[in-house]
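Q: Please take a close look at the charged side chains of this model, with attention to how they pair and how much of each is covered. I would like one connected account.

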Amino acid sequence: SESAAQVICALCALDLDPLTDSRFIKNGVNLLDGLLRFKLEDGSFAHTEDGKFNDISTSQALYSLVALKLQSEGKDFLFRFNSEADDEPFPSQSSEPEEETIQVEENSGQSVNGNEDNEKSKQTASSYKLIACAVIAVLFTAVGAFLLFKRRKKSLLPLLITAVILCACVFLLEIESVEEHYSNTNDVFSQGDDTAFVSINASQALGISENAPSDGWILEETELLLKENETVYDLLCRASRLYKLQLDHSNGSYIKGINHLYEFDCGETSGWSYKVNGVTTSLACCDFVLKDDDKVEWIYVLEPERNVFSQ
């Protein structure tokens, strides 16, 4: 679905109609028809036909439909952010929106008591919340006294409501500390539990990137408890927390870097790919649901197999 979406956006940016241009119509089917084959009943989009909801597919389909709508209404291109017209067909500066990236910093130290750290971080967060509420209370008292001095009692109720709302927001806000993020997330195995294996190999980056471990292994094959409906992406996130590995991902599940080894560090086609039971797939890692005894291999490759990277 993403391929159709990107071509729609490109044609709209070139002021070509994706619905009528004969070069992009096959057997009476245009690009929009092709994109809608991936639409689900709830209006979201899948990565493949008969697939399930995918956040990347849905977001790209959405903005390609916006591009079509803008073109049909004779409005400006989707990615042109300046309102002033110019003679250039495209803006002089890149107008591609910056990818939202979630960066997890590496925590130093290899052996910590996860439960104790988690409890301490929760206590610290609670203490900050109490301090914040105390500050709000002091400010409320000071402003309330000023209003009473000015004989503006009617303003006390809105002030009180505001203070209560602020305190509620403070307690509802959850901020995860580094210690809490890297708390021990491993589960105790019991008889009959499903398990899966995960490994992270960067041997192809040896001698090219200084962030590649000397033996090539960021994580040797490790057995983890497999939870219900857990995906390749879920398993990697859990392993990164358990073994304190830095993980950088964007667009929800696109793996950009592991343990500070990033895509493009070893060439313009280098990056992270994964295999399940020795087989490479183009299915997004957040869509690949694992089963008992599956073996997941994350591999840093210099050139992708089948010309796709895992998302």
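A: Arginine 23 has a relative accessibility of 60% and therefore counts as exposed, the cut-off for that class being over 50%. In this predicted model, arginine 23 forms a salt bridge with aspartate 21, and the closest N and O atoms of the two are 2.8 Å apart. Aspartate 21, for its part, has a relative accessible area of 13%, and because buried means under 20%, aspartate 21 falls into the buried class. This salt bridge thus joins an exposed arginine 23 to a buried aspartate 21.

The count of salt bridges in the model comes to 5, and another of them is formed where the side chains of glutamate 49 and arginine 37 meet, with an N to O distance of 2.3 Å. Both glutamate 49 and arginine 37 lie in the loop between α2 (31-36) and α3 (55-72), so the pair ties together parts that are 12 residues apart in sequence. Glutamate 49 is partly exposed, its relative accessible area being 41%.

A further salt bridge links lysine 69 with glutamate 73, where the closest N and O atoms are 2.5 Å apart. Glutamate 73 is likewise described as partly exposed, with a relative accessible area of 39%.

What, then, is the nearest side chain of opposite charge to glutamate 263, which is buried yet has no salt bridge? It is that of lysine 256, at 5.0 Å, and because a salt bridge requires the nitrogen and the carboxyl oxygen to be within 4 Å, this pair is not counted as one. Glutamate 263 is placed in the loop between β6 (261-262) and β7 (271-276), and its side chain makes a polar contact with the side chain of tyrosine 254 at 2.5 Å. Leaving aside residues up to four places away in sequence, glutamate 263 touches Tyr254, Lys256, Ser270, Gly271 and Tyr300, so that lysine 256 is in contact with glutamate 263, although the two form no salt bridge.

Beside these charged side chains, one nonpolar feature of the surface may be set down: Leu157, Leu160, Ile161, Val164 and Ile165 make a patch of about 460 Å². Leucine 157, one of the residues of this patch, is found in helix α5 (residues 156-172) and is exposed, with a relative accessible area of 54%.

Terms used: Residues numbered from 1 in each chain as written. Predicted model: local features only at pLDDT ≥ 70, side-chain atom pairs only at ≥ 80, totals over all residues. Heavy atoms only, no water. Buried < 20%, exposed > 50% of the residue type's maximum accessible area, 1.4 Å probe, protein only. Helix = DSSP H or I, 4+ residues; strand = E, 2+ residues; numbered from the N terminus. Lys, Arg positive; Asp, Glu negative; His and termini not counted. Polar contact = N/O pair within 3.5 Å; in protein donor to acceptor, adjacent residues only side chain to side chain. Contact = heavy atoms within 4.5 Å. Patch = residues over 30% accessible without salt bridge, like charges linked within 9 Å, V, L, I, M, F, W, Y side chains within 5 Å. Areas by Shrake-Rupley, 256 points an atom, 1.4 Å probe, with all protein chains shown as cover.
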